[in-house]
Amino acid sequence: MRSVRIGDVVLDGRVVMAPLAGVGGPVFRQVAREHGASLVVTPLISAVGLTRGDPKSWEMARGKPEEEPRAVQIFGSEPEIMAEAALLLQDRGTRIIDLNFGCPARRIVANGSGSALLRDGERLRAIADAAVKAVSIPVTAKIRLGWNRREIVVIRTVRALEDAGIAAITLHARAKSDSPATIPSWEWIARAVQEVSIPVIGNGGIEKPRDAKRMVDQTDCAAVMIGRAAVGRPWLLQQAASILSGQTPAMDPPWRQRLGVALHHLTLQAETDPNNQEFFSARGVASAYLRGMPDARRYRPLVLRTSSYGELIEIIRSLRNQWISPHLLSTDA
Ligand SMILES: Cc1cc2nc3c(=O)[nH]c(=O)nc-3n(C[C@H](O)[C@H](O)[C@H](O)COP(=O)(O)O)c2cc1C
């Protein structure tokens, strides 16, 4: 198997966990690593916040050793500030910087950051140049097709990024104006792969292990990035990694085991969040683990009504205990 190299960081597989604001904190990323992601990425963090010493921004940049290798994603519109933030992160031990050129959120694009930069190629290039020059660690970039379907800028953007010294590019194969449900245009991933010699990571619409294989077969991308489908289903990452290394992926685990993973996730989360700052997000993640479970419609509201980690963990534990393993069934009988 070809190994994926991002500057001096060599990945142990070809599946990357997507950055997910509001969801993908340190514990989520650790669980993703434990379940087969070869690289994890933090949600987007304000470069201005980092350079001003904003505690919230630095809290978001904090990681656990168990997550490595991990990229820290930053957003902003000023090349000097992006460069300064990258340097500060490097000084604090970050191994990879990822530049956000794809976020469609209004508060981000209103400042000329995120996907607004797909409409300002000169500034995007200046940010990439400044960040790459400022640090010795690899700098990567995450882009979309363009601002909308009439303004697809993939080819000139990937060329400019490679030219600036960017070490790898993730292409989310949707435009800024697309809805999250729009069918992604993987053909642009294939075109980007042909255009540059740095690794291209394909992203968008992977829901099943076989989608990961289809994406690699259709585009020849170096790695795939999985987002929403892995929330509450981290084993999808390992299944995708298996199929990409030529093995038959394991079946989805039985419910008892799935809820065991949820318990592990939530217990770690409770330990690392003594002030309950991420409790709402944890509740959402717990609810995602119940997706597809028989009677989930009855249990998800209970999960979403909990008000402490203790209560949440207790509900998941009792649900797990309802799923008696076949072994216990036969001894009980
Ligand atoms: C809740 C949520 C938060 C996201 N946050 C970020 C982010 O902080 N940075 C980023 O580059 N992309 C972010 N994305 C986009 C994802 O990383 C990914 O590109 C997108 O979901 C497409 O992949 P998927 O179809 O596998 O979900 C976010 C997406 C969602 C749904």
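Q: Which backbone atom lies 3.0 Å from an oxygen atom of the ligand?

A: In this predicted model, a backbone N or O atom of Leu-44 lies 3.0 Å from a ligand oxygen. A polar contact is a pair of N or O atoms within 3.5 Å. Local features need pLDDT of at least 70, side-chain atom pairs count only at pLDDT 80 or more, and totals for chains, interfaces and linings use all residues. Residues are numbered from 1 along each chain as its sequence is written, and side-chain values use heavy atoms, with hydrogens and water left out.

Q: Which side chains have an N or O atom 2.8 Å from an oxygen atom of the ligand?

A: That distance is found for the side chain of Lys-142 and for that of Arg-228. The protein buries 81% of the 610 Å² that the ligand exposes when taken alone (Shrake-Rupley method, 1.4 Å probe).

Q: Which residues around the ligand come nearest?

A: A residue is near a molecule if one of its heavy atoms lies within 4 Å of it. Of the 17 residues around the ligand, the nearest are Pro-19, Gln-73, Lys-142, Asn-203 and Arg-228. The shell comprises seven nonpolar, seven polar and three charged residues.

Q: How many salt bridges does the structure hold, and where is the Glu-68 and Arg-95 pair?

A: Side chains of opposite charge can pair when their charged atoms come close. The structure holds 18 salt bridges (a side-chain nitrogen of Lys or Arg within 4 Å of a carboxyl oxygen of Asp or Glu). One of them joins Glu-68 and Arg-95, at 3.9 Å, N to O. Glu-68 is in the loop between helix 3 (55–61) and strand 6 (70–75), and Arg-95, 27 residues apart from Glu-68, is in the loop between helix 4 (79–91) and strand 7 (96–101). Helices (H or I, at least four residues) and strands (E, at least two) are DSSP runs, numbered from the N terminus.

Note on methods. A polar contact is a pair of N or O atoms within 3.5 Å; within protein, one must be able to donate a hydrogen and the other to accept it, and residues adjacent in sequence count only if both atoms are side-chain atoms. Ala, Val, Leu, Ile, Met, Phe, Trp, Tyr, Cys and Pro count as nonpolar, Asp, Glu, Lys and Arg as charged, and the others, Gly among them, as polar.
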